[in-house]
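New to this one? Here's a quick briefing to read alongside the sequence and the 3D view.

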Amino acid sequence: MSAETAPTLHYFAIKGRGEPIRMTFAACGAQFKEADMDFGKMKAKAGSAISPCGQAPLLEVDGTYLCQMTAIMRFIGAKYKPALIGECLLQKAHVDMLLNSIDDLYLKYIQCVYGSGLEDTPKAALWAKHFDPQSKAKSNDGAHMAYLVGFIERSPGPFLCGANFTIADIFFYFTLEAYVRTQCFGANLAASYPALTTYMAAVCAVDGLQARLTDPKRAELAFNGNGKG
Ligand SMILES: N[C@@H](CCC(=O)N[C@@H](CS)C(=O)NCC(=O)O)C(=O)O
């Protein structure tokens, strides 16, 4: 694809929900442009074709603005590297199931970061309800790390869908990055779920993605927009 027709990611200068999209482009080896999102303009135009849900990220493709991070990742995968969205109909459904399950757990992080500043008490509550292996059979909105690790443990290969690396791995890796940061659960996460260490190493080694993960410009981006987490 020529530089002129490359899609444009409209997002803030942070990792946030823009980063799994950047990682997806990297895993595809596809070019894209970036434009800083202006929060006021995004809200002023909320509900219009250029800000359909009044939220970012947005991907501008041939004059159309797509919102919803996982839908954007699926579009990029389908366009540039179809195996990333699943190799057959059933695996595609599996990838969608995983993306929804991962988002359920990622949202618990976002709520704790933006709703409670990732303070110690809410962070301990987050661990107790959604991470402590003892709580996996309790009511937890379907969001529990034990469920996601279960997918890895049942997989016949290094990734969530066996040997096929998919966009679900991209979002899960990013979610794990958030939770393993020292500001969050640090080493406690891998201590409770040892399978995560091998899994994260396998994802890190994926061609294309590796370049994004080691890009110094990525390291400079804050994880979230409020300086927490
Ligand atoms: N479900 C949406 C969530 C998007 C979202 O929460 N975007 C945040 C930034 S990461 C935002 O625009 N927040 C401003 C607001 O909701 O008013 C997605 O997956 O893209």
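The domain bounds used here come from an automatic or database domain assignment. That assignment splits the protein into domain 1 (3-82 + 212-220) and domain 2 (85-206). Keep in mind that this is a predicted model.

**How the two domains meet**
- Taken over C-alpha atoms, the centres of domain 1 and domain 2 are 22 Å apart.
- At the contact, 12 residues of domain 1 meet nine residues of domain 2.
- On the side of domain 1 that touches domain 2, helix H1 (19-28) and helix H3 (69-80) each chip in at least two residues.
- Sorted by class, the residues on that side of domain 1 come out as seven nonpolar, three polar and two charged.

**The sheet**
- You'll find an open sheet of four strands with mixed pairing, running in the order S2-S1-S3-S4.
- Strand S2 (33-36) and strand S4 (64-67) sit at the edges, so to speak, each pairing on one side only.
- On average, neighbouring strands of this sheet are turned by 25 degrees against each other, direction ignored.
- Strand S1 (residues 8-11) pairs with strand S3 (residues 58-61) in the antiparallel sense, over three bridges.
- For a spot to look at, take Leu-9: its bridge partner in S3 is Leu-59.

**Around the ligand**
- The ligand has these residues around it: Gly-16, Arg-17, Gln-55, Ala-56, Pro-57, Cys-67, Gln-68 and Met-69.
- By class, that shell has four nonpolar, three polar and one charged residues.

How values were computed: Residues numbered from 1 in each chain as written. Predicted model: local features only at pLDDT ≥ 70, side-chain atom pairs only at ≥ 80, totals over all residues. Near = placed C-beta within 6 Å. Nonpolar A, V, L, I, M, F, W, Y, C, P; charged D, E, K, R; others polar. Contact = placed C-beta atoms within 7 Å. Pairing = 2+ DSSP bridges. Axes fitted to C-alpha atoms, helices over the stretch in contact; angles between N-to-C directions.
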